Structure formats: C-alpha cells, structure tokens
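Please open the structure in your viewer and keep the sequence panel in sight. The tour proceeds by selections, and each stop states what is found there.

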Amino acid sequence: MRSWILGLALVMSCAAQAHLLKVFAYGEGGRVHGSVYFAGGGPATGASVQVLALDGSLLATLTPDEQGEFVYHPAEPRDLELLVGTGDGHQIRWPVSASELQGAPPSPQPGKASVPEAVDQQRLLSMIEQAVARQVGPLRQELQQAQDRARLSDIIGGLGMIFGIAGVAMWWRGRR
C-alpha cells in the first residue's frame, strides 16, 4: 500500500525548478544580447552558449560574464539558435530571427553624390527600429524573469496539491 502511495506521489510531483536553466536573447543593432540565469534570478556564470545556424553548424561558443550576460556579433543577419548548457545536464534553446539583427544601412561615402530620399527614409527607419529595440529588449527580459519567479499562488497551489493527494490517500486507506 505504501509503495502505491509513494509511486503516485512521484508521478504526480512536479520537477523541482530550483535549478531550472533560463535564457533570454534579443537582437539590436546587428548584435545578439542575452543573459543566462537560473529560475529565481541567479546568473548561470558557468554556462556555455553555442551559437548555431539553422542547419546546425556551430558559429561561435560564448561564455557569459559574472551577471550571466553575453553579446554576439554575427557576420551577417541570419536566423540563429542559441544552445545553452551548464555541463550538468541543464540545456535550453532560444531562437533569434534575422529580422531582429538588421543593422543600420551603411552611411554614404564621403565625396559621393547625395543619397536619394528613399535611402534616407530607410536609414531613418532603421535608426528608429534600433532605438526601439534598445528600449524594448531589456523590458522583454524583465518580463521573462518576472514570469519565472515562483509566485505565492504557485506555492499555495503546490501545498493544495500535496494536501489533496494526502486526503485522497487517507480516504482510500480508511475505505478498506
């Protein structure tokens, strides 16, 4: 009987998220900015960040700094995938689209004729997109980290699950 209850408890229990690896990355100005952390906010300083092309080829291997942050400068804007691992079995993937990595178009060469108005508008649009990405990227990161924190409702829900399973087990045992 006890082994049945233990088996049910093991099957019903949720995985501990104390060491759940998280990654967040965004493109801005032709670079990938990101951070690697454990659920709860602690930086994953010993992690390894592999930058992969969509065909799976390795483009670079990065090491986050003391805050768990990293920056990657791709040679050209393209779709990327970040594969982050800690070496102890924790691993996570994060996509970065080429559209996030679009940098500003090159400035006109000195001594050349003036740039057509359409290119000026394109350059202005690119500068606006970079400014917005610079402001929105950190906000997206804060939102992601806030969603990863254990909330009071999560803790109360977990306790309710434990008491509910214990109640069903006691009812079942009292029925015999």
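**First stop: the aromatic rings**

The model shown here is predicted, and the count of aromatic pairs in it comes to 3. Select Phe 24 and Tyr 26 and display their side chains. The ring centres of Phe 24 and Tyr 26 are 6.0 Å apart and the planes meet at 45°, so this pair is tilted. A tilted pair is one whose angle is neither under 30 degrees, which would be stacked, nor over 60, which would be edge-to-face. Phe 24 and Tyr 26 are both buried. Now add Trp 94 to the selection: Phe 24, Tyr 26 and Trp 94 form one aromatic cluster.

**Second stop: the whole chain**

Clear the selection and display the protein chain as a cartoon. How many helices and strands are there in the protein chain? The chain has 3 helices and 7 strands. Followed along the sequence, these elements appear in the pattern α-β-β-β-β-β-β-β-α-α. The chain consists of 176 residues, of which 27% are buried. Among contacts with a separation of 6 or more, 52% join residues 24 or more positions apart. If a surface is displayed, the chain exposes about 11,800 Å², and carbon and sulfur atoms supply 58% of this area.

**Third stop: the nonpolar core**

In soluble globular proteins, nonpolar side chains tend to be buried together. Select Val 32, Val 36, Phe 70, Leu 82 and Val 96. Within the largest nonpolar core, which has 22 residues, these five touch the most other members. Colour the strands next: β1 (21–28), β2 (31–38), β3 (48–53), β4 (58–62), β5 (69–72), β6 (80–85) and β7 (91–96) each give two or more residues to this core. Which strand provides the largest share of this core? That strand is β1, with 5 residues.

Remain with Val 96 and display its surroundings. Apart from neighbours within four places in sequence, Val 96 is in contact with Ala 25, Val 32, Arg 78, Asp 79, Leu 80, Leu 82 and Leu 101.

**Fourth stop: a histidine and a serine**

Select His 33, which lies in strand β2. Is His 33 buried or exposed? Its relative accessibility is 16%, and because buried means under 20%, His 33 counts as buried. Residues up to four places away in sequence aside, His 33 touches Phe 24, Ala 25, Tyr 26, Glu 28, Phe 70 and Val 71. Phe 24 and Tyr 26 are already familiar from the aromatic cluster.

For another setting, move to Ser 57, in the loop between β3 and β4. Ser 57 has a relative accessibility of 31% and therefore counts as partly exposed. Not counting residues up to four places away in sequence, Ser 57 touches Val 51 and Leu 52.

**Fifth stop: a salt bridge**

Side chains of opposite charge can pair when their charged atoms come close. The count of salt bridges in this model comes to 1. Select Arg 93 and Glu 81, which form a salt bridge with their closest N and O atoms 2.9 Å apart. Arg 93 belongs to strand β7 and Glu 81 to strand β6, so the pair ties together parts that are 12 residues apart in sequence. Arg 93 is partly exposed, at 46% relative accessibility. Glu 81 is also partly exposed, at 24%.

**Last stop: a patch on the surface**

Finally, select Leu 152, Ile 155, Ile 156, Leu 159, Ile 162 and Phe 163. These residues form a nonpolar patch on the surface, and together they have about 660 Å² of accessible area. One of them, Ile 162, is found in helix α3 (residues 152–175). Why does Ile 162 count as exposed? Its relative accessible area is 54%, and exposed means over 50%, so Ile 162 meets the cut-off.

Technical notes:
Residues numbered from 1 in each chain as written. Predicted model: local features only at pLDDT ≥ 70, side-chain atom pairs only at ≥ 80, totals over all residues. Heavy atoms only, no water. Helix = DSSP H or I, 4+ residues; strand = E, 2+ residues; numbered from the N terminus. Buried < 20%, exposed > 50% of the residue type's maximum accessible area, 1.4 Å probe, protein only. Contact = heavy atoms within 4.5 Å. Areas by Shrake-Rupley, 256 points an atom, 1.4 Å probe, with all protein chains shown as cover. Phe/Tyr/Trp six-rings, centres within 6.5 Å; stacked < 30°, edge-to-face > 60°. Patch = residues over 30% accessible without salt bridge, like charges linked within 9 Å, V, L, I, M, F, W, Y side chains within 5 Å. Salt bridge = Lys/Arg side-chain N within 4 Å of Asp/Glu carboxyl O. Core = buried A, V, L, I, M, F, W, Y, C linked by side-chain atoms within 4.5 Å.
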